[in-house]
Amino acid sequence: MSLLADFKLDEALRSLDSVQLAKVSGRLVRVSGMVLESLGCQRLTGQRCHVEQADGSLLEAQVVGFNRDITYLMPFKKPVGLMAGSRVFPVRDEARLQIDESWLGRVVNGLGEPLDELGKLGGRDPLPTELPTVNPLKRRPVEEPLDVGVRAINAMLTVGKGQRVGLFAGSGVGKSVLLGMITRQTKADVVVVGLIGERGREVQEFLLHSLGPEGLRKAVVVVAPANESPLMRLKAAELCHSIAAYFRDLGKDVLLLVDSLTRYAMAQREIALALGEPPATKGYPPSVFGLLPELVESAGNGESGQGSLSALYTVLAEGDDQQDPVVDCARAILDGHIVLSRKLADVGHYPAIDIAASVSRCMSQVTAPEHQAAARQLKEFYGTYEKIRELIPLGGYTPGMDAKTDRAVQLAPSIERFLRQEVGDGAELGTCIAILRSLIK
C-alpha cells in the first residue's frame, strides 16, 4: 500500500515540473498608429501575443519587428482601449486551425473564425500556418484546359488547370461582375474565394448573386474588408491560399479567386511604412515586391497524383495605368493577364475584355494548333478594324483598296457579337472553339 502511495506521490511531483509558476509578460510602452511597442520578455517575429485592454479583455496581436529591446506588435482587430503599462503575454503554444470538407459552404475571417453564425469550425487535419510550397521540379505542368464559361476567355485566352491569371482593370469597368461569371460557371470541385480589402457591402452581394446557394455549397469564402487591420488583410490572403492548397492535395480541382491582389500589396505597404521601411516605387517599399511572388507561387498545381489549383487575381490599375508598379509586378509573375478596357465599357461592351492587350501564356500548352491559329487570325482582324474604326464615319476608308481590311470590316459586327456576353449566359469551351472556327472561315 505504501509503495503505491509513494508511486502516486512521485508522479504528482513530476507533473509539477510542467506547471507554469509565473506568467511571463512584457509591458506596453507606446502606441503609434497601428504599431504597438512593448518591452519585456523575448518574442519571436511572427509570434502571437495577447495585449491586455482597459476592459480586461485580451487583444490578439502579432510580432512584426523589433528594434533592440523594443518589440513591435500589430493587432488583428481594432483596440477598444489601451494604456501605458498594459501587460503583453506571449502565446507559447498557438492553436492550429483544423480543416476538412466541413469547411465547404462556410464564410470565415483571416484568422479562420466563422462569420456566418453557423457554429464553430473544426476538422480532422491541421492547416499549416505558413504558405504552401511545392518543389518546382515536382510540380505537375499545366496540360488541361479549364472551362471558365466566358466566351472571350475560352476562345481567345484559354486558361489551363493550374494556371495563375491576373484580371487587370481600373475601377468601375465590370471587374467584379466578370469575377462572378467565372465563379458560377467554372467547372471546379472546390472554389476558394478571398475578398481582400474590398467594400464590405460587396461581401453579401457576392455571396447572393455571384456564388448563390448552389455555388456556396462547394466554396470557402475568406473575408477581410477594407475596414479590417492591414495584418488581418494579409492573413486572409494567405489563409485562402492555404485552404486552396489543402483541397488540391486531396486530389480536387480547385479554383482560387482573390479580389484583390492590389489590396494585399497595399496592406503590406501600410505595415512596412509603419515600421519605418523607406518607400521605393510610388510609395511601395521593397518588401511588397518580395511578398507578391511568394504569395502567387503558393498557388498552381501540386505534385503528380494531386489535384489542380487554378488561381485568378484581380489587380486594380489605379487611373487605368497599366504601368502601375503592382500591375507591372503582377504581369511579370503571373501566367497571363486579362485586361479590361474602360473604352469598351463606356460603349456598353461587356465583358470589357481587350483581347489585343491580353494574353494567356499557357494557351499553347492546352489547345490544338488549329484553335491557336483561329484565335490569332481573329485577333489580327480585330486589330486591323480597330485601326480604321474612327476613319469609317469620316469617309477615310474606301472598300476594295485592301482585301485584308475589307475582310476585317466585314467581320467586325460578328466579332463584336462573339466577344460580348450577358451575365447569365453560359459558354461551354467546345462550343466557343467551334464558333470561333466557323467565324473566320
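Below is a chat about a predicted model of one protein chain.

Biologist: Hi! Before we dig in, what kind of model is this?
Modeller: Hello! This is a predicted model.

Biologist: Good to know. How many helices and strands are there in the protein chain?
Modeller: The protein chain holds 13 helices and 18 strands.

Biologist: And what does the C-alpha trace span along its principal axes?
Modeller: The trace spans about 110 × 50 × 40 Å.

Biologist: What percentage of the residues count as buried?
Modeller: Of the 441 residues in the protein chain, 50% count as buried. The chain exposes about 21,200 Å², and carbon and sulfur atoms supply 53% of that area.

Biologist: What about contacts along the sequence? Of those between residues at least 6 apart, what share joins residues at least 24 apart?
Modeller: That share is 71% in the protein chain.

Biologist: Charges next. How far apart are the mean positions of the positive and negative ones?
Modeller: They are 2 Å apart, taking the 50 positive and 54 negative charges of the protein chain.

Biologist: Let's zoom in on helix α3. Is it largely enclosed or open?
Modeller: Helix α3, residues 175-185, is largely enclosed by the rest of the structure, because 8 of its 11 residues are buried.

Biologist: Which residues of α3 are buried?
Modeller: They are K175, L178, L179, G180, M181, I182, T183 and Q185.

Biologist: And what covers them?
Modeller: The cover includes the helices α2 (151-156) and α4 (201-216). Strands β12 (164-169), β13 (190-196), β15 (253-259) and β16 (308-316) also contribute to the cover.

Biologist: You mentioned α4. Where does L208 lie, and is it buried or exposed?
Modeller: L208 lies in helix α4. With 52% relative accessibility, L208 counts as exposed, because the cut-off for exposed is over 50%. Its C-alpha atom is 13 Å from that of R106, and the two residues are 102 apart along the chain.

Biologist: Switching to rings: how many aromatic pairs does a search of the whole structure find?
Modeller: The search finds 2 aromatic pairs. Y246 and F247 have ring centres 5.2 Å apart and planes at 75°, so this pair is edge-to-face.

Biologist: Are Y246 and F247 buried or exposed?
Modeller: Both Y246 and F247 are buried.

Biologist: What lies over the face of Y284?
Modeller: That is R269, at 4.3 Å from the ring centre of Y284.

Biologist: Now the backbone. Which residues does a cis peptide bond join?
Modeller: One cis bond joins D259 and S260, with omega about 10°. S260 sits in the loop between β15 and α6 (261-274). Another cis bond joins Y350 and P351, with omega about -5°. The loop between α9 and β18 holds P351.

Biologist: Why would you point those out?
Modeller: Because most peptide bonds are trans. In the same spirit, most residues other than glycine have a negative phi.

Biologist: Then which residues have a positive phi without being glycine?
Modeller: R68 is one of them, with phi of about 55°. Its place is the loop between β4 (58-67) and β5 (70-75). R68 counts as exposed, at 75% relative accessibility. E117 is another, with phi near 60°. E117 is in the loop between β8 and β9 and counts as exposed at 78% relative accessibility.

Biologist: Staying with the loop between β8 and β9, what about L115 there?
Modeller: L115 is in the loop between β8 (106-108) and β9 (125-126). It counts as partly exposed, at 45% relative accessibility.

Biologist: What does L115 touch, not counting residues up to four places away in sequence?
Modeller: L115 touches V107, V108, N109 and V223. As for K235, 120 residues from L115 along the chain, the C-alpha atoms of the two are separated by 15 Å.

Biologist: Last one: where does A357 lie?
Modeller: A357 lies in the loop between α9 (342-346) and β18 (359-360). At 37% relative accessibility, A357 counts as partly exposed. Leaving out residues up to four places away in sequence, A357 touches H337 and V339. From A357 to P279 the C-alpha distance is 30 Å, with their positions 78 residues apart in sequence.

Technical notes
Residues numbered from 1 in each chain as written. Predicted model: local features only at pLDDT ≥ 70, side-chain atom pairs only at ≥ 80, totals over all residues. Heavy atoms only, no water. Phe/Tyr/Trp six-rings, centres within 6.5 Å; stacked < 30°, edge-to-face > 60°. Buried < 20%, exposed > 50% of the residue type's maximum accessible area, 1.4 Å probe, protein only. Lys NZ or Arg CZ within 6 Å of the ring centre and 35° of its normal. Helix = DSSP H or I, 4+ residues; strand = E, 2+ residues; numbered from the N terminus. Contact = heavy atoms within 4.5 Å. Areas by Shrake-Rupley, 256 points an atom, 1.4 Å probe, with all protein chains shown as cover. Lys, Arg positive; Asp, Glu negative; His and termini not counted. Charge placed at Lys NZ, Arg CZ, Asp CG, Glu CD.
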